Amino acid sequence: VTEDAKRFKVQREAYEWLLSGYCKESAVVPTRCEAGTFGNRTNRTTQDDCFICPAGSSCALGASENTSCAAGTVTNAKGRAECDPCAAGRYQTDKGETSCNECPRGSYCEPRSAAATPCPAGRFGDVIGNKAEADCHRCPPGFACRRGSDQKTACFAGSFMPNASAEKCLLCDPGTSQGNQRETACEACQPHCVCSSALKFQ
């Protein structure tokens, strides 16, 4: 690092210090603007000359500018030193926001979520505001649930599912059939019947 670079760094830090504070009469060094406020100009003499941090942002002690709330955090009040994380069941994708969104159906949102997380395959979320993966219901036998499902889907005629938490239904094997929906097993073809493509033909 050259001497010029070092000198520039010192000058820049001194300037930022001046921006982020105020100088009382006969002050040797500036007093930093309080947390929740910021300073972006020189020649200030009191804390009242510092600017109040706007909603949707935060200002640490001695800030020279406000910082937008990160995704997953918000604040709807002015003069905040820190942003608040979105509560479980809510999320916020954008920066600099003042409120969180409710988690949609088919998903869940843990604290400080920047996006809704889809319910995993084999589960479904039929209400808004789910807070954890456990809030997504297990798909019952006779139904299937793809990732992000907001409702369970019945196995169609010619298919079945004996287990819970399934992503897909199973097709009936050759020689078996199932004419109903939401079933957990297929039936053997009756005498004098031919079963083809999992459906029963007589």
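**Exercise 1. The aromatic pair**

How many aromatic pairs does the structure hold? Find the residues involved and describe where they lie.

*Solution.* Keep in mind from the start that this is a predicted model. The structure holds 1 aromatic pair. Its members are Phe38 and Phe51, whose ring centres are 5.6 Å apart and whose planes meet at 35 degrees, an arrangement that counts as tilted. The next step is to place the two residues: Phe38 belongs to strand 3 (residues 37–38) and Phe51 to strand 4 (residues 51–52), so the pair ties together parts that are 13 residues apart in sequence. The last step concerns accessibility, where buried means under 20% relative accessible area and exposed means over 50%, with partly exposed in between. Phe38 has a relative accessible area of 9%, so Phe38 is buried, while Phe51, with 33%, is partly exposed.

**Exercise 2. A loop residue and its polar contacts**

Locate Gln47, decide whether Gln47 is buried or exposed, and work out which residues its side chain meets.

*Solution.* Begin with the position: Gln47 sits in the loop between strand 3 and strand 4. Its relative accessible area is 16%, and Gln47 is therefore buried. Setting aside residues up to four places away in sequence, Gln47 touches Tyr22, Arg32, Cys33, Glu34 and Thr37. For one of these, Cys33, the C-alpha atom is separated from that of Gln47 by 6.2 Å, although the two residues are 14 residues apart along the chain. Finally, look at the polar atoms: the side chain of Gln47 has a polar atom 3.1 Å from the backbone nitrogen of Glu34, and a polar contact of 3.1 Å also joins the side chains of Gln47 and Thr37.

**Exercise 3. Three disulfides**

How many disulfides does the structure hold? For three of them, give the partners, the handedness and the surroundings.

*Solution.* The structure holds 9 disulfides, and the steps below take up the links of Cys69 with Cys83, Cys103 with Cys109, and Cys119 with Cys136.

- Step one: Cys69 is joined to Cys83 with an S to S distance of 2.1 Å, and an angle of -85 degrees about the S-S bond makes this link left-handed. Cys69 lies in the loop between strand 6 (67–68) and strand 7 (73–74), whereas Cys83 lies in the loop between strand 7 and strand 8 (84–85), so the pair ties together parts that are 14 residues apart in sequence. Cys69 has a relative accessibility of 0% and counts as buried, and Cys83, with a relative accessible area of 17%, is buried.
- Step two: the disulfide from Cys103 to Cys109 has an S to S distance of 2.1 Å, and with 80 degrees about the S-S bond this link is right-handed. Cys103 is buried at a relative accessible area of 0%, and Cys109 counts as buried at 0% relative accessibility.
- Step three: in the disulfide of Cys119 and Cys136 the sulfur atoms are 2.1 Å apart, and the torsion about the S-S bond is about -70 degrees, so the disulfide is left-handed. Because Cys119 lies in the loop between strand 12 and strand 13 (123–124) and Cys136 in the loop between strand 13 and strand 14 (137–138), the pair ties together parts that are 17 residues apart in sequence. Both Cys119 and Cys136 are buried.

**Exercise 4. Two residues of one loop**

Ser113 and Ala115 are both placed in the loop between strand 11 and strand 12; describe the accessibility and contacts of each.

*Solution.* The loop runs between strand 11 (107–108) and strand 12 (117–118). Ser113 has 10% relative accessibility and so counts as buried, while Ala115, at 43%, counts as partly exposed. Beyond four places in sequence, Ser113 touches Gly72, Cys86, Arg90, Tyr91 and Gln92, and Ala115 is in contact with Tyr91 and Thr93. Tyr91 is therefore found in the list for Ser113 and in the list for Ala115, by the criterion of heavy atoms within 4.5 Å. A polar atom of the Ser113 side chain lies 2.5 Å from the backbone oxygen of Glu110. The C-alpha atoms of Ala115 and Asp94 are separated by 9.3 Å, with their positions 21 residues apart along the chain.

**Exercise 5. Confidence**

Where does pLDDT stay under 50, and what is the average for the chain?

*Solution.* The chain averages a pLDDT of 87, and 84% of the residues score at least 70. Over residues 197–202 pLDDT stays under 50, and for this stretch the model has 16 contacts beyond four places in sequence.

Notes. Residues are numbered from 1 along each chain as its sequence is written. Side-chain values use heavy atoms; hydrogens and water are left out. Helices (H or I, at least four residues) and strands (E, at least two) are DSSP runs, numbered from the N terminus. Buried means under 20% relative accessible area, exposed over 50%, partly exposed in between (1.4 Å probe, protein chains only). A polar contact is a pair of N or O atoms within 3.5 Å; within protein, one must be able to donate a hydrogen and the other to accept it, and residues adjacent in sequence count only if both atoms are side-chain atoms. Rings of Phe, Tyr and Trp (its six-membered ring) pair if their centres lie within 6.5 Å; planes under 30 degrees apart count as stacked, over 60 as edge-to-face and the rest as tilted. pLDDT is the predictor's confidence in each residue, from 0 to 100. A disulfide is a pair of cysteine sulfur atoms within 2.5 Å.
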